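Work through the exercises below with the sequence and coordinates at hand. Each task is followed by its solution in steps.

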Amino acid sequence: MDYQNLTLPQIYDEAEAIAGDAKTLFGHLNPQQLNWKPAADSWSVAQCLDHLITINGKYYPVFDLILKGEYRKTFLHGMPFLPGFFGRVMIKAVSPDSQRKFKAPGAARPSSSSIDPQIVDRFIAHQRETLAKMRSLEGRGPAGIIITSPFVGVVVYSLLDAFRIVVAHERRHFAQARRVMETDQFPR
């Protein structure tokens, strides 16, 4: 999928599909399976979902400020080439087909290796909330709104690219979770 060029309706469809896929792919897993890790430094299926809830939630304050009309631009928002450049770079970096590995920011790392088995339902509810927030911002013209990354203060991109980053990043971690499940040692 070409995440760089997703339109708003395509983003909404992908976000809905991700919620459905979470139930289909992970909803049947028991607590042991959800929390099983192939290695000490690897993440479990539950940790992948927990990470996505945490990371997506970091956008909520920005979304809410935009909805209230209180989001303030910075000097970097006015740099003509930066938002497009950073948007493309970030989307490419977090896409499922990217071969580069990144270390999650400290605040976005899963807190434990034993996560509540309700994580799948929590992720689905969170996904629906994320989608509702995206839809509520549609009338604001997300392609023209420049935001600062909630993770790196010098990185700016359009709100539309933020939406693209969210769904691409989710698919990346779904692929990671599937690889965990495909490991020979995965509990059956």
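## Salt bridges and aromatic pairs

A network of salt bridges links Glu 14, Asp 21 and Arg 171. The model is predicted.

**Exercise 1.** Locate the salt bridge between Asp 21 and Arg 171 and classify the burial of both residues.

Solution.
1. The two side chains meet at 2.7 Å, N to O. The cut-off for a salt bridge is 4 Å, so the pair qualifies.
2. Asp 21 belongs to helix H1 and Arg 171 to helix H7, and the pair links parts of the chain 150 residues apart.
3. Asp 21 has 26% relative accessibility, so Asp 21 counts as partly exposed. Arg 171 has 16%, so Arg 171 counts as buried; the limit for buried is under 20%.

**Exercise 2.** Which helices does the salt bridge between Glu 16 and Arg 128 tie together?

Solution.
1. The N to O distance for Glu 16 and Arg 128 is 3.2 Å.
2. Glu 16 is in helix H1 (residues 8–26) and Arg 128 is in helix H6 (residues 119–137), so the bridge ties together parts 112 residues apart in sequence.
3. Glu 16 is partly exposed at 36% relative accessibility, and Arg 128 is partly exposed at 45%.
4. By the salt-bridge rule, the count comes to 7.

**Exercise 3.** Describe the surroundings of Arg 164, starting from its salt bridge with Asp 161.

Solution.
1. The side chains of Asp 161 and Arg 164 meet at 2.7 Å, N to O.
2. Both residues lie in helix H7, 3 residues apart, which is about one turn of the helix.
3. Arg 164 has a relative accessible area of 12%, so Arg 164 is buried. Asp 161 is buried too.
4. Leaving out residues up to four places away in sequence, Arg 164 touches Tyr 3, Gln 4, Asn 5, Leu 6, Ile 11 and Ile 91.

**Exercise 4.** What geometry does the aromatic pair of Phe 63 and Phe 163 have?

Solution.
1. The whole structure holds 8 aromatic pairs.
2. In the pair of Phe 63 and Phe 163, the centres are 5.7 Å apart and the planes meet at 85°. Planes over 60 degrees apart count as edge-to-face, so the pair is edge-to-face.
3. Phe 63 is in helix H4 (residues 60–68) and Phe 163 is in helix H7, 100 residues apart.
4. Phe 63 is buried at 1% relative accessible area, and Phe 163 is buried at 0%.
5. Both rings belong to one aromatic cluster with Tyr 59, Tyr 60 and Phe 151. Over the face of Tyr 60 lies Lys 133, 4.8 Å from the ring centre.

How values were computed. Residues are numbered from 1 along each chain as its sequence is written. This is a predicted model: local features need pLDDT of at least 70, side-chain atom pairs count only at pLDDT 80 or more; totals for chains, interfaces and linings use all residues. Side-chain values use heavy atoms; hydrogens and water are left out. Buried means under 20% relative accessible area, exposed over 50%, partly exposed in between (1.4 Å probe, protein chains only). Contact means heavy atoms within 4.5 Å. Rings of Phe, Tyr and Trp (its six-membered ring) pair if their centres lie within 6.5 Å; planes under 30 degrees apart count as stacked, over 60 as edge-to-face and the rest as tilted. Helices (H or I, at least four residues) and strands (E, at least two) are DSSP runs, numbered from the N terminus. A charge sits over a ring if NZ of Lys or CZ of Arg is within 6 Å of the ring centre and within 35 degrees of the ring normal.
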